[in-house]
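Student: I should like a close look at a single part of this structure, namely a helix and the turn of the chain that follows it. Please then place that part in the context of the remainder of the fold.

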Amino acid sequence: MKIVFVIPNMTGGGTERVISLLSEEYIRMGIDVAIMQFAGYERAYELDEKIDDFSVAPKSNGNPIIMIRRLVNMRKFFKQNPDCLIFSFCVMGAVFSVISTFGMKRYILVAERSSPDSCKQVNLRNWAYKRTNRITFQTNEGITYFPDWIKSKAVVIPNPIDSAIPKPYRGARTHRIVSVGRLHAVKNHALLFEAFADFLGQFPDYELHIYGQGELEAELKEKAVSLGISDKIVWHGFRKNVTEEILDAGMFVSTSNYEGISNSMLEALAMGIPSICTDCPIGGARSYIEHEKNGLLIPVRDKEALTKAMVRIASDESFAAQLSENAAKVRDKYSLNSIAVKFLEAAGVDLKE
């Protein structure tokens, strides 16, 4: 048996992080693993040398020759690996897998990773999903966006927490607010900047640390200047050791307009960082955060609510400590091994054999 993860490329995003964690765990379990990149080749995360990590085609940019070459190379690989289980972690990966395995009997599992209503190719997605064997969702809310014939294939599997991340920090926390994620419109960093500008009026000794890279970096830097807060923002780009760098932060903030489950949120909770997240579709944050017990949930695009939440954590050390202690409990509930096993069970693998 070989598990083949299908993904455009292995950049430093959350989905890629989950694939790298699951791949490493399956290798530890004695299962062969391949990562098939179909739109170029990148590797932001270190992988075990036993993992077959390769590309079947560069990014096509609509070039039909590259698109055909991609399908031919995918089909060749799947034909050479008749015992493989295909785990597609994106919509187009499912489409390409279905087309390239036409006439073959290959098990295809699709992991739905974002808010389904953000998909711009609904008919194509549903056509492919109809021809797959199993579809995993990160939350129950995600399933409700689909017709009954897709719901019948659905199973909810949350994101894993890497046991290798640092243990919760117990000392005095720094006056740093941290944000970890792609600099993309859906992450709504603009909201965070505006709330942080208001927050600085009461807590001028705080800094905002931004971890991540993306298409909006220049625009966001301009916004920081216009708000008069550029000297209070530290830009780190993508960091492989981000968990070590943010461990003693005063708070973690996620302002996404929609998201599946944020890996950075999960890791922040597991390390006991007092966390604030938007209660966005498809309910990922709500699945892990119990408001005012182990974190704070705020409405999407609500600057006033975000400012108040940041002020509350910064001004009440005992409340922040309570959030920290309760948040760290998630690391025992969503262990990497248990989530890896859930994916195998969803694919019909009998682990007792």
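Tutor: Just after helix α1, Gly30 adopts a positive phi of about 85 degrees. The model is a predicted one, and the description below should be read accordingly.

Helix α1 itself covers residues 14-28, 15 residues in number. From its first C-alpha to its last it reaches 21 Å, close to the 21 Å expected at 1.5 Å a residue. Of its 15 residues, 13 are buried, so α1 is largely enclosed by the rest of the structure. The stretch assigned to α1, residues 14-28, includes the position of Arg17, and Arg17 is linked with Asp162 and Glu267 in a network of salt bridges.

Positive phi values also occur in residues that are not glycine. Asn61 has a phi near 50 degrees and is found in the loop between β3 and α2 (64-80). Asn188 likewise has a positive phi, of about 50 degrees, although it is not a glycine; its place is the loop between β8 (176-180) and α7. As to their surroundings, Asn61 counts as exposed at 66% relative accessibility, whereas Asn188 is buried, with a relative accessible area of 15%. The cut-offs behind these words are over 50% for exposed and under 20% for buried. A further backbone feature is the cis peptide bond that joins Pro281 and Ile282, with omega about 15 degrees. Ile282 belongs to the loop between β12 (275-278) and α11.

The strands may be taken next. Seven of them form an open sheet in the order β3-β2-β1-β4-β5-β6-β7, with parallel pairing. At the edges stand β3 (52-55) and β7 (154-156), each of which pairs on one side only. From one strand to the next, the twist averages 25 degrees. Within this sheet, strand β5 (residues 107-111) and strand β6 (residues 134-137) run parallel and are joined by three bridges. Ala111 has Thr136 of β6 as its bridge partner. In general, strands of a sheet pair through backbone hydrogen bonds, in either a parallel or an antiparallel manner.

On the surface, Ile99, Leu124 and Trp127 make a nonpolar patch of about 230 Å². Leu124 lies in helix α4 (residues 122-130). With a relative accessible area of 32%, Leu124 is partly exposed; it therefore passes the requirement of over 30% for membership of a patch.

Salt bridges complete the picture, and the count comes to 17. One of them joins the side chains of Asp198 and Lys303, at 3.3 Å from N to O. Asp198 lies in helix α7 (residues 189-199) and Lys303 in helix α12 (residues 303-315), so this pair ties together parts that are 105 residues apart in sequence. Both partners are partly exposed: the relative accessible area of Asp198 is 39%, and that of Lys303 is 33%.

Helix α12 also takes part in a salt bridge through Arg312, whose partner is Glu292; the closest N and O atoms are 2.6 Å apart. Glu292 lies in the loop between α11 (284-288) and β13 (296-298) while Arg312 lies in helix α12, so the pair ties together parts that are 20 residues apart in sequence. Glu292 is partly exposed, with a relative accessible area of 36%, and Arg312 counts as partly exposed at 34% relative accessibility.

Another salt bridge is formed by the side chains of Lys293 and Glu290, with a distance of 3.9 Å from N to O. This value falls within the 4 Å limit for a salt bridge. Lys293 counts as partly exposed at 40% relative accessibility, as does Glu290 at 46%.

To return to the part requested: α1 is largely enclosed, because 13 of its 15 residues are buried, and Gly30, with its positive phi, comes just after the helix.

Technical notes
Residues numbered from 1 in each chain as written. Predicted model: local features only at pLDDT ≥ 70, side-chain atom pairs only at ≥ 80, totals over all residues. Heavy atoms only, no water. Pairing = 2+ DSSP bridges. Helix = DSSP H or I, 4+ residues; strand = E, 2+ residues; numbered from the N terminus. Axes fitted to C-alpha atoms, helices over the stretch in contact; angles between N-to-C directions. Patch = residues over 30% accessible without salt bridge, like charges linked within 9 Å, V, L, I, M, F, W, Y side chains within 5 Å. Areas by Shrake-Rupley, 256 points an atom, 1.4 Å probe, with all protein chains shown as cover. Buried < 20%, exposed > 50% of the residue type's maximum accessible area, 1.4 Å probe, protein only. Expected span 1.5 Å × (residues − 1).
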